[in-house]
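The following exercises concern the packing of secondary structure elements in a single model. Please work through each task before reading its solution.

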Amino acid sequence: MQKRKLGNSGLEVSAIGLGCMGLTFGYGPATDKTEAIKLIRAAYEQGVTHFDTAEAYGQVNEEMVGEAVAPFRDQVVIATKFGFKDGNAAAGLDSHPERIRIVVEQSLRRLKTDYIDLFYQHRVDPNVPMEDVAGAVRDLIKAGKVKYFGMSEAGVKAIRTAHAVQPLSALQSEYSMFTREPEIEIIPTLEELGIGFIPFSPLGKGFLTGKIDGSTTFAAGDIRNNLPRFADDAREANHNLVTLIGEVAKRKQATPAQVALAWLLAQKLWIAPIPGTTKLHRLEENIGGATIELTAADLSEIADVLAKVPVQGERYNTQMMKTINR
């Protein structure tokens, strides 16, 4: 698989990474640990070198990532995150420097590694000066425990403030044909500062695969049960967008998911999405997205579709939107 450099930092990752959240968190019952490890290793065998986890996804998530990549640890990039009280997203934010120092030690132990490649602030904490957060990560980089600094769902002001203290290598935020808000201010800022972009939910939490419609039901514990964009009426309206993307996919002899990933890769050379899955055949499908080349005509057609079929519904509920820094 082709590699991509994340901005000016020197950090290099596979064009398609693997978001590991869904293996234990957010989408219903957790995947069996043995099966999850097999999936992560299969991803590596097919060229994936970028694996994304977080303390907030549960202790076992970092443990399974660490165990899975142990045989080829020096060949991959492990990204993990800090920023919630006791690692619990429901408990609120906590990016105090003392908490960051605790998290890095816990993550190193769970990941069974001497260093974390990419350490993200999971959400901006309005109660802690950004200079203090970036300074704490800078100290960890100096100590050799962290290689690169990242932020997730941060706004322009927070990005600039942090970057002035400790240069950021990557921003991780939701971005896809389904969520294009970053195009307004975030992407121009990242380009100006030389920061890479890691889109999470690049397939619109599964919607852009074409497998979700008005009759789809989700398992208990699946976050999509509580997202406005996945309410019945919104799902019905948004399915029209996927249908039109599917027409492009047929011509490319690809799937809608592959076209959605290829579209992201075509936006900037320093964008590297991290689709998540629990299934081997979906993993292989996603990796295939890196091989799809969209022509200028393809991209123009997709732009017309996106303009004609606006996405219905907010991406998060009101409570979740409060954690987004804009």
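Two exercises on this predicted model follow.

**Exercise 1. Helix packing**

Determine how helix 4 packs against helix 5, and which residues make the contact.

*Solution.*

Step 1. Helix 4 spans residues 130-142 and helix 5 spans residues 156-165; their axes lie 8 Å apart, at an angle of about 40°.

Step 2. Because angles under 35 degrees count as roughly parallel and those from 65 to 115 as roughly perpendicular, helix 4 is oblique to helix 5.

Step 3. The crossing of helix 4 past helix 5 is right-handed.

Step 4. Helix 4 contributes Met130, Glu131, Ala134, Gly135 and Arg138 to the contact, while helix 5 contributes Ala158, Thr161, Ala162 and Val165.

Step 5. Sorted by character, the residues of this contact comprise 5 nonpolar, 2 polar and 2 charged.

**Exercise 2. The sheet and a helix upon it**

Establish the strand order of the sheet, identify its edge strands, and describe how helix 3 packs on the sheet.

*Solution.*

Step 1. The sheet is open and consists of 7 strands with parallel pairing, in the order 3-4-5-6-7-8-9.

Step 2. Strand 3 (18-19) and strand 9 (196-200) are the edge strands, as each pairs on one side only.

Step 3. At one edge, strand 3 pairs with strand 4 (residues 50-52) in the parallel sense over 2 bridges. Gly19 has Asp52 of strand 4 as its bridge partner.

Step 4. Helix 3 (residues 97-111) packs on the sheet and touches strand 5 (77-82), strand 6 (116-121) and strand 7 (146-152). The direction of helix 3 makes about 140° with that of strand 6.

Terms used: Residues numbered from 1 in each chain as written. Predicted model: local features only at pLDDT ≥ 70, side-chain atom pairs only at ≥ 80, totals over all residues. Heavy atoms only, no water. Axes fitted to C-alpha atoms, helices over the stretch in contact; angles between N-to-C directions. Helix = DSSP H or I, 4+ residues; strand = E, 2+ residues; numbered from the N terminus. Parallel < 35°, antiparallel > 145°, perpendicular 65-115°, else oblique. Left-handed = near helix turned anticlockwise from the far one by under 90°. Contact = heavy atoms within 4.5 Å. Nonpolar A, V, L, I, M, F, W, Y, C, P; charged D, E, K, R; others polar. Pairing = 2+ DSSP bridges.
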